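Visitor: Please take me closely through one part of this protein, and then relate that part to the rest of the fold. I should like to see the individual residues before the wider architecture.

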Amino acid sequence: SIRLTGGSPQLLPCVSPASRQRVVCFGDSIVQGAFVSEPNRSLPAELTRAYGWDVVNAGYFGHHTVGGDGAAIGALAPTMVVLAIGTNDFGYQTPLVTFAAEYDQWIAAFRASPGCAEVPIVCVTPTTRSDEMLLPNVLEDYRDYLRFVVSVRALGDPNLHLLEGWDMVSPGSLTDGVHLTDAGFGSYARALGALNLVRNPGFEI
């Protein structure tokens with residue numbers, strides 16, 4: 001980025017204040033912040049405001065789980081990753097075995113990235129939605145496959161954490177039956193902060 005110097009046409013580098021943590025939130029339109037009242041109410045913005053983290057919003061509307069994305073996120077050199085994806089796999093009815101394989105490959109690709117072998121990853125199960133029982137593979141099926149992948153990998157990876165998305169956002173915190181209200185994102189951010197205080201002592205210091 002650049003900044004202007006007063007009374008001068010010269011452009012100088014803009015030096016950002018030193019940040020204790022560089023967090024990447026990766027996911028779909030929920031992470032992106034669809035339907036929030038204003039941009040500073042999205043999950044990444046809430047985390048920045050609450051904890052002073054340098055947060056990258058890597059949420060993409062309509063995105064589903066693709067294993068190779070893990071390497072792309074690893075290239076951002078984060079100190080923590082919030083991996084919050086899976087609700088569109090349910091919407092698209094991705095075969096459950098395929099979903100699990102892609103999710104596992106995502107983690108493997110990220111871990112293989114330089115400097116990412118021990119970076120904490122918070123794996124968030126899909127938040128509640130009003131239609132989660134209406135398709136042949138219900139949303140809880142995807143949550144269960146995600147939990148299985150994380151539980152197996154966590155046996156040899158102490159920096160892999162599971163956060164239950166369905167438990168931290170109530171049905172009353174939805175706008176259109178899928179996306180979160182401002183209050184819902186506030187609850188989401190508080191849950192992530194509480195998890196880090198327990199699992200990663202000193203993370204905020």
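Guide: Leaving aside its neighbours within four places in sequence, M168 is in contact with V124, L163, S187, Y188 and A191. The model is a predicted one, and M168 has its place in helix α7 of that model. Two of the contacts can be placed on strands: L163 lies in β7, which spans residues 160–163, and V124 lies in β6, which spans residues 121–124. M168 has a relative accessible area of 13%; the limit for a buried residue is under 20%, and M168 is therefore classed as buried. A further relation across the chain concerns T128: M168 and T128 are 40 residues apart in sequence, yet their C-alpha atoms are 9.1 Å apart in space.

Helix α7 covers residues 165–168, and E164 is found in the loop between β7 and this helix. E164 has a relative accessible area of 22%. Since a residue must be under 20% to be buried and over 50% to be exposed, E164 counts as partly exposed. Not counting residues up to four places away in sequence, E164 touches T125 and R147. Both contacts have a polar component in the side chains. The side chain of E164 meets that of T125 in a polar contact at 2.9 Å, and a polar contact at 2.8 Å joins the side chain of E164 to that of R147. R143 may be added to this description: 21 residues separate R143 from E164 along the chain, and their C-alpha atoms are separated by 8.8 Å.

From the loop, the path leads back to the sheet. β7 belongs to an open sheet of 5 strands, ordered β4-β3-β5-β6-β7 with parallel pairing. The edge strands are β7 and, on the other side, β4 (residues 54–59), each of which pairs on one side only. On average, neighbouring strands of this sheet are turned by 20° against each other, direction ignored.

Strands of a sheet pair through backbone hydrogen bonds, in either a parallel or an antiparallel sense. Strand β3, residues 22–27, pairs with β4 in the parallel sense over 6 bridges. Helix α2, residues 43–51, packs on the sheet and touches β3 and β4, its direction making about 170° with that of β4. Within the pairing of β3 and β4, V24 stands opposite V56, and F26 has A58 as its bridge partner. β3 also runs parallel to β5, to which it is joined by 5 bridges; here V24 stands opposite V81. V24 thus has a partner in β4 and another in β5. Of the 6 residues of β3, 5 are buried, so this strand is largely enclosed by the rest of the structure.

Helix α5, residues 96–111, lies across β3, β5 (80–84), β6 and β7. Its direction runs at about 165° to β6. The loop between α5 and β6 holds S113. The relative accessible area of S113 is 9%, and as buried means under 20%, S113 is buried. Its side chain reaches the backbone oxygen of A109 at 3.1 Å. Not counting residues up to four places away in sequence, S113 touches G70, A71 and G74, residues that lie within helix α3 (69–74).

Helix α3 also contains A72. With a relative accessibility of 47%, A72 counts as partly exposed. A72 is 37 residues from A109 in sequence, and their C-alpha atoms are 8.6 Å apart in space. A109 is therefore a point of reference for both residues: the side chain of S113 reaches its backbone oxygen, and the C-alpha distance just given relates it to A72.

The chain as a whole provides the setting for these details. Its secondary structure comes to 8 helices and 7 strands. Of its 205 residues, 50% are buried. Among contacts between residues at least 6 apart in sequence, 73% join residues at least 24 apart. The chain exposes about 9700 Å², of which carbon and sulfur atoms supply 60%.

Conventions: Residues are numbered from 1 along each chain as its sequence is written. This is a predicted model: local features need pLDDT of at least 70, side-chain atom pairs count only at pLDDT 80 or more; totals for chains, interfaces and linings use all residues. Side-chain values use heavy atoms; hydrogens and water are left out. Helices (H or I, at least four residues) and strands (E, at least two) are DSSP runs, numbered from the N terminus. Buried means under 20% relative accessible area, exposed over 50%, partly exposed in between (1.4 Å probe, protein chains only). Contact means heavy atoms within 4.5 Å. Accessible areas come from the Shrake-Rupley method with a 1.4 Å probe; for residues, only the protein chains shown count as cover. Two strands pair if DSSP finds at least two bridges between them. Axes are lines fitted to C-alpha atoms, for helices over the stretch in contact, and angles run from 0 to 180 degrees between N-to-C directions. A polar contact is a pair of N or O atoms within 3.5 Å; within protein, one must be able to donate a hydrogen and the other to accept it, and residues adjacent in sequence count only if both atoms are side-chain atoms.
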